[in-house]
Amino acid sequence: TAVTLQANNDIILNSASDIIANNPSGNGGNLTLQAGRSVLINSNITTDNGNLTINANSTVADGVVNAQRDAGAANLTIAPASVLNAGTGSVNLAIKDGAGLTNNTAGVLSLNNVIAGQVSYLADNMTLTGGTSATGRVVLAPTTANRGIWLGTADSPANLSLTDAELKTITGASVLQVGNASSGSINVKNVLTPNVSTLSLQ
């Protein structure tokens, strides 16, 4: 069974509050968390191969009530000791554009430990620590159309900037894709040594 949890403002998973799916007759259902502002994950989430989707700065079209979305930047934070484990399922994390909201400032996607088949991280600003272990494609891209991407540096707040050390936190992926069809230009500022066999710049 698929489950969706929604909030006009924040979703906070407190410490010692693990979410664990364990379906003895098959895979777990898909789990979606949608917040009008921030999502803060301080415990583990295990989906038993179900897909995990977490969206911060969700839009009016997603069901957010404009009057109930407080001011402040929307962050999506996975605490250092927390693990998102989707098994063979996908993990999709995004800070959206908050379309239709008066308060729609986007913050930072801060990642630590993720285990999945395929992975998508979508945000204008990211901090990648811990590790992302995937077997399929991993996509890193900005939310805002035509936003540029700088690789090998963390010195460009006007672009999605990712250091080589951040790229190296992604392991096992068949392809590490940086950018998508709506992204701006990509600037490679330093030598990149990712821990994947194929790096695709789009």
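Is Ser156 buried or exposed? Ser156 is buried, at a relative accessible area of 8%, where buried means under 20%, exposed means over 50% and partly exposed is anything in between (1.4 Å probe, protein chains only). Before going on, a word on the model: it is predicted, so local features need pLDDT of at least 70 and side-chain atom pairs count only at pLDDT 80 or more, while totals for chains, interfaces and linings use all residues. Residues are numbered from 1 along each chain as its sequence is written, and side-chain values use heavy atoms, with hydrogens and water left out.

**Around Ser156**

You'll find Ser156 in the loop between strand 15 (149-151) and strand 16 (160-162). Strands here are DSSP runs (E, at least two residues; helices are H or I, at least four), numbered from the N terminus. The side chain of Ser156 makes a polar contact of 2.4 Å with that of Asn159. A polar contact is a pair of N or O atoms within 3.5 Å; within protein, one must be able to donate a hydrogen and the other to accept it, and residues adjacent in sequence count only if both atoms are side-chain atoms. Setting aside neighbours within four places in sequence, Ser156 is also in contact with Trp150 and Ser161, contact being heavy atoms within 4.5 Å.

Trp150 has a charged visitor: the charged end of Lys189 sits over its ring, 4.4 Å from the centre. For that to count, NZ of Lys or CZ of Arg must be within 6 Å of the ring centre and within 35 degrees of the ring normal.

**The sheet of 3 strands**

Strands 15 and 16 belong to an open sheet of 3 strands, ordered 16-15-19 and paired in parallel. At the edges are strand 16 and strand 19 (186-188), each pairing on one side only. From one strand to the next, the twist averages 15°; the axes behind such angles are lines fitted to C-alpha atoms (for helices, over the stretch in contact), and angles run from 0 to 180 degrees between N-to-C directions. Two strands pair if DSSP finds at least two bridges between them, and strands 15 and 16 have 3. In that pairing, Ile149 stands opposite Leu160.

**The sheet of 8 strands**

There's another open sheet, with 8 strands in the order 1-4-7-10-12-14-18-20, again with parallel pairing. Strand 1 (3-7) and strand 20 (199-201) are at the edges with a single partner strand each, so one side of each has no neighbour in the sheet. Here the twist averages 10° from strand to strand. Strand 7 (residues 52-56) is mostly covered, with 4 of its 5 residues buried.

Some of the pairings look like this:

| Strands | Bridges | Residues facing each other |
|---|---|---|
| 1 and 4 (residues 31-35) | 5 bridges | Leu5 and Leu33 |
| 4 and 7 | 4 bridges | Gln34 and Asn55 |
| 7 and 10 (residues 91-95) | 5 bridges | Ala56 and Ile95 |

**Out at Gly72**

Gly72 lies in the loop between strand 7 and strand 8 (74-78). With 33% relative accessibility, Gly72 counts as partly exposed. Leaving out residues up to four places away in sequence, Gly72 touches Arg37 and Thr105. How far is Gly72 from Ile149? C-alpha to C-alpha, Gly72 and Ile149 are 25 Å apart in space, and 77 residues separate them in sequence.
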